[in-house]
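Work through the exercises below with the model open. Try each task before reading its solution.

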Amino acid sequence: VIMTVNSLVDDVIKPYFKTPKVTLSEGPSSKPTPRPLDKVYVNLLLVPTHAVNDSLSKAIPEAAGLSGSQHELERFMHAFAKRSEHCQEENIEIAQLFDGSEELMQSDDKKGDSYRVLVTASAGTGKTLTFLQMAAMKWARDGMWPQFTIVVAWPLRRAEVQKARDIVELLQLRHLGITDPCEQRALTLYLRKNPHKLCLILDGADEANLDDCSGYVQGVIRGESLKGCYLILTSRHSNQITDLAVSRPFDKHIEVLGFTQENVCEYVDKVFSLPEHRQKVTEELQTNPQLAALMRTPFFTSAVCDVLRCHNRLPG
């Protein structure tokens with residue numbers, strides 16, 4: 001069984017997640033071009049929620065009483081920037097997401113339970129395209145999280161995932177190309193005996209009505225089915241996620257805050273190949289603080305770089 005599982009992981013599962021790509025516009029007259037994710041990837045600001053709450057308590061007073069004027073907008077942008085600065089001391093890397101989990105899982109209170117991580121983020125901060133895809137790629141290609149034999153990442157909005165009745169359907173083995181019943185049984189048997197060797201990443205819980213998911217999927221999300229596995233659940237902020245976190249507290253809650261100013265500069269360096277083009281974009285940001293603050297959201301960083309590239313006819 002172990003030989004079969006190792007073969008399936010190396011020959012089928014890892015190759016599937018090894019080479020995600022992002023599409024970037026090269027200019028007004030060019031077609032968008034896919035680039036390997038790692039060529040444009042920049043670390044996100046990932047912080048425990050207690051650090052976010054602390055930063056908000058410091059930043060919100062500065063943004064209080066805004067009237068919508070240009071001056072007040074600048075105050076808001078300044079407060080937003082300070083929020084990120086306060087959080088940087090607590091920043092963690094993706095590879096550190098499970099630090100401390102092994103000791104917790106061996107404690108009397110957690111022995112045999114699942115280890116569940118909730119990752120929340122606002123729209124455009126990179127939880128899907130960068131965080132989720134990069135995590136799966138780093139495991140498949142670079143050996144990150146060696147404690148796991150299998151890491152799979154699927155969007156929860158996919159109907160087949162929502163309605164999964166067992167581990168074969170939840171891991172989407174048919175979608176991965178594992179259709180042989182003997183191979184499916186081997187994987188199932190292995191994971192039932194070694195659930196701690198599985199890291200399951202379910203993306204976009206806000207895009208699905210959890211009450212409409214199958215009982216099996218709800219049980220996995222709540223830590224009541226497939227006990228002993230490691231689960232990462234990503235979501236935008238929503239009432240159902242808040243209710244879930246209250247009724248079934250997660251072992252760790254991480255907030256994706258997007259980019260720091262240093263991250264923005266790193267992204268610009270990766271997207272624009274020529275120093276003079278990078279300098280032109282940097283100068284544009286230095287003279288427009290509102291634009292610079294907007295780019296702390298990765299979605300807007302990519303969009304602004306595309307606009308500047310097209311407007312100034314700067315090649316990538």
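The exercises go from the whole chain to single strands, helices and charged pairs.

This is a predicted model, in which local features need pLDDT of at least 70 and side-chain atom pairs count only at pLDDT 80 or more, while totals for chains, interfaces and linings use all residues. Residues are numbered from 1 along each chain as its sequence is written, and side-chain values use heavy atoms, with hydrogens and water left out.

**Exercise 1. Take stock of the whole protein.**

Step 1. Count the elements. The protein has 16 helices and eight strands. Both are DSSP runs numbered from the N terminus: helices are H or I with at least four residues, strands are E with at least two.

Step 2. Check burial. Of the 316 residues, 47% are buried. Buried means under 20% relative accessible area, exposed over 50%, and partly exposed in between (1.4 Å probe, protein chains only).

Step 3. Check contacts, meaning heavy atoms within 4.5 Å. Among contacts with a separation of 6 or more, 76% join residues 24 or more positions apart.

**Exercise 2. Decide how enclosed strand β5 is, and find its partner.**

Step 1. Take residues 150–155. Six of the six are buried, so β5 is largely enclosed by the rest of the structure.

Step 2. Split the strand by face. Ile150, Val152 and Trp154 lie on one side, Val151, Ala153 and Pro155 on the other, and all are buried.

Step 3. Find the neighbor. β5 runs parallel to β6 (residues 198–203), with six bridges between them. Strands pair if DSSP finds at least two bridges between them. Val152 faces Leu200 of β6.

**Exercise 3. Place strand β8 among its partners.**

Step 1. Four of the five residues of β8 (residues 252–256) are buried.

Step 2. β3 (residues 46–48) pairs with β8 in the antiparallel sense, over three bridges. Here Pro48 stands opposite Ile254.

Step 3. β4 pairs with β8 in the parallel sense, over five bridges. Thr120 has Glu255 as its bridge partner in β8.

**Exercise 4. Test the length of helix α10, then find its cover.**

Step 1. The expected span is 1.5 Å times one less than the number of residues. For the 13 residues of α10 (residues 181–193) that gives 18 Å, and the end C-alpha atoms are 18 Å apart, which agrees.

Step 2. Gln184, Ala186, Leu187, Thr188, Tyr190 and Leu191 are buried. Their cover includes α1, β5, α8, α9 and β6.

**Exercise 5. Which charged side chains pair, and which buried arginine has no salt bridge?**

Step 1. Set the criterion. A salt bridge is a side-chain nitrogen of Lys or Arg within 4 Å of a carboxyl oxygen of Asp or Glu. The whole structure has nine.

Step 2. Take Asp113 and Lys227, which meet at 3.5 Å, N to O. The pair links distant parts of the chain, 114 residues apart. Asp113 is partly exposed at 22% relative accessible area, and Lys227 is partly exposed at 42%.

Step 3. Trace the network that links Arg222, Glu224 and Arg248. Glu224 meets Arg222 at 3.4 Å. Glu224 also bridges to Arg248, with the closest N and O atoms 3.9 Å apart. Glu224 is in the loop between α11 and β7 and Arg248 in the loop between α12 and β8, so this pair ties together parts 24 residues apart in sequence.

Step 4. Turn to Arg116 in β4 (residues 115–121). Arg116 is buried yet has no salt bridge; the nearest side chain of opposite charge, Asp251, is 5.3 Å away. Lys and Arg count as positive and Asp and Glu as negative; His and the chain ends are not counted. Residues touching Arg116 include Arg222, Arg248 and Asp251.

Definitions and conventions
Lists of a residue's contacts leave out its neighbours within four places in sequence.
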